[in-house]
Amino acid sequence: MLDTLAIPTQTTSASRLSQLDLANLEFGKHFSDHMFVVDYQDGEWQNPQILPYGDFTVSPANSALHYGQAIFEGLKAYKNEQGAITIFRPYDNLARMNTSAERMCMPAIPEELFIQGLKQLVRLDAEWVPSAPNTALYIRPFMFATDGMLGVRPSETYRFAIITCPVGAFFGKPLRVRFEEKYVRSAEGGAGFAKNAGNYGAALYPTKLAQDAGYHQLLWTDASQHRFIEESGTMNVAFIINGTLVTPALSTSILDGITRRSVLQIARDWGMPVEERKVAATEVMEAIQNGTLTEAFGIGTAVTIAPITVIGYQGQDYLLPELTSDSFARRVLQALDDIRTGVAPDTHNWIVTI
Ligand SMILES: *Cc1c(COP(=O)(O)O)cnc(C)c1O
């Protein structure tokens, strides 16, 4: 697409780039100099702008604050060895954002605004895209209702914005997770497939209970019987059982992760058997005990692949095998990194260079 949309841009006179300590970055805390903002009013998106990163003013009756009409996305930009900046699968994020918007009675964001806003913002803050191995610029598009009105109905006005933050090399500790058999993240027919803010708010408490008990995250199970695995924390989840990549099939209660989609595609490219189906907790526990389960990992943009080392089940901890250099989790992470940094060919057209 040509860069036809000229977005009025107000650049900062006080860049914070020199204060950035790339070696000590806490995820989501250090924001780049600029943000993209566009407002929805009278049935259309109006007045797109790029502005210095800064606070918003909202009505105390803002309906996102009261009733939760708020959705978001998460994706990353990478700087490769030639200094080019690439973004991973942004059109997939746009499509998912609009799926979330529909579920939450919010207006769709047009492709041109999303993609041009993203590109022009990242171009302007290009120096904020780190280039060391395993670093990236995390991009957070989000939309929220802006009506100042306490009536319960879809807002008539909205704001869409994009903010970004550099993220350092994430050497994730292997995860300790436990099955959640009381609380639910989402139910069939609910809004679990949408990336809406409320899903996260409701997950904090059960997650905190698990963390107090020494785990990092939960393995969510289905809402009606707590028998089938759904996701792990805020990630999708997959297992290698007997050499087959097994992952819960998508449903209205599972978020359709773009990293998940990419991992499944790479496994299929490699000729590996892939099964998307219901995965019972008991199946995973039996496979751990009889040695057929060799790997379990979370999948999502923030960490890409998060290997699981311990699974808690009915009060007992079960230790998973250690990863080897040959493990699928390691190989697929490398394959994704190679595509994102241009080391390997982008055969599925996942990369958008800006
Ligand atoms: C965002 C998200 C994921 C991962 O999606 P990606 O597109 O791979 O980042 C998985 N589960 C939940 C609940 C999420 O919100």
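1. Ligand contact at T234. In this predicted model, a backbone N or O atom of T234 lies 3.3 Å from a nitrogen atom of the ligand. The partner on the protein side is thus given as a backbone atom, and the partner on the ligand as a nitrogen.

2. Ligand contacts at I258 and R96. A polar backbone atom of I258 is 2.8 Å from an oxygen atom of the ligand. For R96, a polar side-chain atom is placed 2.8 Å from a ligand oxygen atom. The I258 contact therefore uses the backbone, whereas the R96 contact uses the side chain, within the 3.5 Å limit for a polar contact.

3. Ligand surroundings. The ligand is surrounded by 14 residues. K195, Y200, E231, T259 and T301 are the closest of these. T259 also belongs to helix α5, where it takes part in the contact with helix α7.

4. Packing of α5 with α7. Helix α5 spans residues 258–269 and helix α7 residues 328–340. Their axes are 10 Å apart, and the helices pack at an angle of about 105 degrees. Because angles of 65 to 115 degrees count as roughly perpendicular, α5 is roughly perpendicular to α7.

5. Residues between α5 and α7. On the α5 side, the contact is made by T259, S262, V263, I266 and A267. Opposite them in α7 are F328, V332, A335, L336 and I339. By class, eight residues of this contact are nonpolar and two are polar, with no charged residues.

6. Packing of α2 with α3. Helix α2 covers residues 90–103 and helix α3 covers residues 111–124. The two axes come within 10 Å and cross at roughly 135 degrees, which makes α2 oblique to α3. The crossing of α2 past α3 is right-handed.

7. Residues between α2 and α3. From α2, the residues in contact are P90, Y91, N93, L94 and M97. They meet E111, F114, I115 and L118 of α3. This contact comprises seven nonpolar residues, one polar residue and one charged residue.

8. Environment of N47. N47 is located in strand β2, which runs over residues 44–52. Leaving aside residues up to four places away in sequence, N47 touches V37 and V38. N47 and V37 are separated by 10 residues in sequence, and their C-alpha atoms are 8.3 Å apart.

Methods. Residues numbered from 1 in each chain as written. Predicted model: local features only at pLDDT ≥ 70, side-chain atom pairs only at ≥ 80, totals over all residues. Heavy atoms only, no water. Axes fitted to C-alpha atoms, helices over the stretch in contact; angles between N-to-C directions. Helix = DSSP H or I, 4+ residues; strand = E, 2+ residues; numbered from the N terminus. Parallel < 35°, antiparallel > 145°, perpendicular 65-115°, else oblique. Left-handed = near helix turned anticlockwise from the far one by under 90°. Contact = heavy atoms within 4.5 Å. Nonpolar A, V, L, I, M, F, W, Y, C, P; charged D, E, K, R; others polar. Near = heavy atom within 4 Å. Polar contact = N/O pair within 3.5 Å; in protein donor to acceptor, adjacent residues only side chain to side chain.
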